[in-house]
Amino acid sequence: MDLFRKIPKHEDARMAIQMGFYPYFIPISGEQGPTVEIKGKNMVMLGSNNYLGLTNHPEVKEAAKNAIEKYGVGCTGSRFLNGTLDIHVELEEKLADFMGMESALVFSTGFQTNLGTISSMMTKNDFILSDSLNHASIVDGCRLSKGNSIIYKHNDPESLKATFNSIPEEAGSLVVTNGLFSMEGDLAKLPEIIRMTKENDSRVMVDDAHAIGVYGKGGRGTTEHFGVEADIIMGTFSKSLASIGGFVVSSEDVVFHLKHSARPFIFSASPPPAAITTASKALDIVMEEPERRDSLIKNSDYFRNSLKKMGYDIGHSESQIIPVVIGDLMDTVDLWKNLYKHDLFTNLVVHPATPPDRSLIRNSVMSTHSMEDLDQGLEAYEKIGSEMSII
Ligand SMILES: Cc1ncc(COP(=O)(O)O)c(C=O)c1O
């Protein structure tokens with residue numbers, strides 16, 4: 001049988017396109033700011049990971065332009081061969097220093113960072129203990145690895161304890177968790193997880209994609225926030241750091257091993273010069289302008305508390321990521337549609353990004369949102385929520 005005839009038809013998606021309310025791949029014409037232009041309309045952006053608003057920072061843009069002038073636009077090869085520029089190495093040194101770890105390695109995306117790191121660390125007798133709500137790149141890193149994966153209940157130290165008890169004593173193990181969960185906006189219980197990890201002679205890797213630049217006094221993420229140390233931390237440039245690329249920090253031994261074994265690192269072209277200098281300049285701003293974190297916290301608290309007061313179910317959110325949990329798929333689609341009609345850009349999040357009965361609208365707040373932006377969003381939520389009898 002012709003393979004192409006077996007391709008799923010994705011009828012729901014096609015029907016949504018036909019009916020004119022397809023929530024994905026919406027083209028934005030212009031900057032990714034607190035408001036965005038879509039089909040000539042100005043909309044409040046509540047669906048971006050540009051948490052610190054650095055994608056439009058003049059110094060960041062200038063750094064990208066200068067890099068293009070000096071290095072051109074691409075590297076045309078892997079870091080392993082011709083794709084390492086001096087600015088890749090300098091950024092790795094800066095990241096290691098910033099995160100207080102021995103060594104850092106820069107990948108082309110955060111997704112590749114998780115794939116390469118997790119798969120390279122495990123042999124077939126080892127175990128990965130992974131939170132049930134971990135990001136897809138962690139899930140796929142576990143699939144790619146030769147090790148055995150066990151999923152523990154979301155953010156549940158008791159469930160983690162049970163998984164420790166089920167693995168052979170001689171097996172190596174790595175607990176992997178998001179630091180800040182990308183759909184629910186809750187923080188991993190790192191102090192308990194790390195204590196338990198040490199007691200069981202295990203290691204812990206934190207995916208801090210959403211928390212680097214945001215959490216902790218210096219913006220070093222959830223480990224700084226809780227005052228704990230992880231064995232491996234990964235981050236991405238594609239959120240607060242306003243670029244594209246990913247990185248991992250750990251001991252020199254671990255990083256040296258990854259450099260010589262992580263296939264998504266070795267067999268893929270390195271991030272282009274402008275992406276590297278963008279991330280580097282954004283990191284400088286994270287260090288120099290802590291007030292951006294303060295306004296992000298203020299904005300997030302305001303938006304989260306207001307939605308909660310209205311009666312929305314915001315799950316366990318405690319961060320700039322604020323879900324409105326609806327549950328039923330069609331009700332969530334309706335809410336998204338109505339928000340869109342009221343000029344709010346939010347993310348419709350459904351299975352497999354959430355469990356099947358937990359469809360939600362993901363809102364994410366930026367430090368550069370004005371009170372007027374947030375109030376426009378809240379007014380729409382209040383009006384639509386009561387019309388739809390959600391609140
Ligand atoms: C928790 C988490 N880890 C990793 C990634 C992958 O990052 P990137 O976009 O740099 O590939 C994402 C992206 O959404 C994420 O949310």
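Which helix gives the largest share of the shell around the ligand? In this predicted model, the answer is helix 4, spanning residues 110–121, which supplies three residues of that shell. In total, 14 residues sit around the ligand, and those that come nearest are Gly110, Phe111, His135, Ala209 and Thr236. Sorted by class, the shell turns out to be mostly polar: eleven polar residues, along with two nonpolar ones and one charged one.

Stepping back to the whole protein chain, there are 14 helices and 13 strands to find. The radius of gyration is 21 Å, close to the 21 Å that the globule rule gives for 391 residues, so the chain is as compact as a globular protein of that length. Along the principal axes, the C-alpha atoms fill a box of roughly 60 × 55 × 55 Å. Some 48% of the 391 residues count as buried. Take the contacts between residues at least 6 apart in sequence, and 70% of them turn out to join residues at least 24 apart.

Helix 7 (residues 190–199) makes a handy example of a helix with two sides. Its buried residues are Leu190, Ile193, Ile194 and Thr197. These cover an arc of only 95° around the axis, which is why they end up on the same side of helix 7. The general background helps here: an α-helix has 3.6 residues a turn, so residues three or four places apart point the same way. Over on the other side of helix 7, Pro191 and Glu199 are exposed. The cover over the buried residues of helix 7 includes helix 6 (157–165), strand 6 (173–178), strand 7 (203–207) and helix 8 (222–226). After helix 7 comes Asp201, with a positive phi near 55°.

Conventions: Residues numbered from 1 in each chain as written. Predicted model: local features only at pLDDT ≥ 70, side-chain atom pairs only at ≥ 80, totals over all residues. Near = placed C-beta within 6 Å. Helix = DSSP H or I, 4+ residues; strand = E, 2+ residues; numbered from the N terminus. Nonpolar A, V, L, I, M, F, W, Y, C, P; charged D, E, K, R; others polar. Buried ≥ 20, exposed ≤ 12 C-beta atoms within 10 Å, placed from the backbone. Arc of directions from axis to C-beta. Contact = placed C-beta atoms within 7 Å. Rg over C-alpha atoms; globule rule 2.2 N^0.38 Å.
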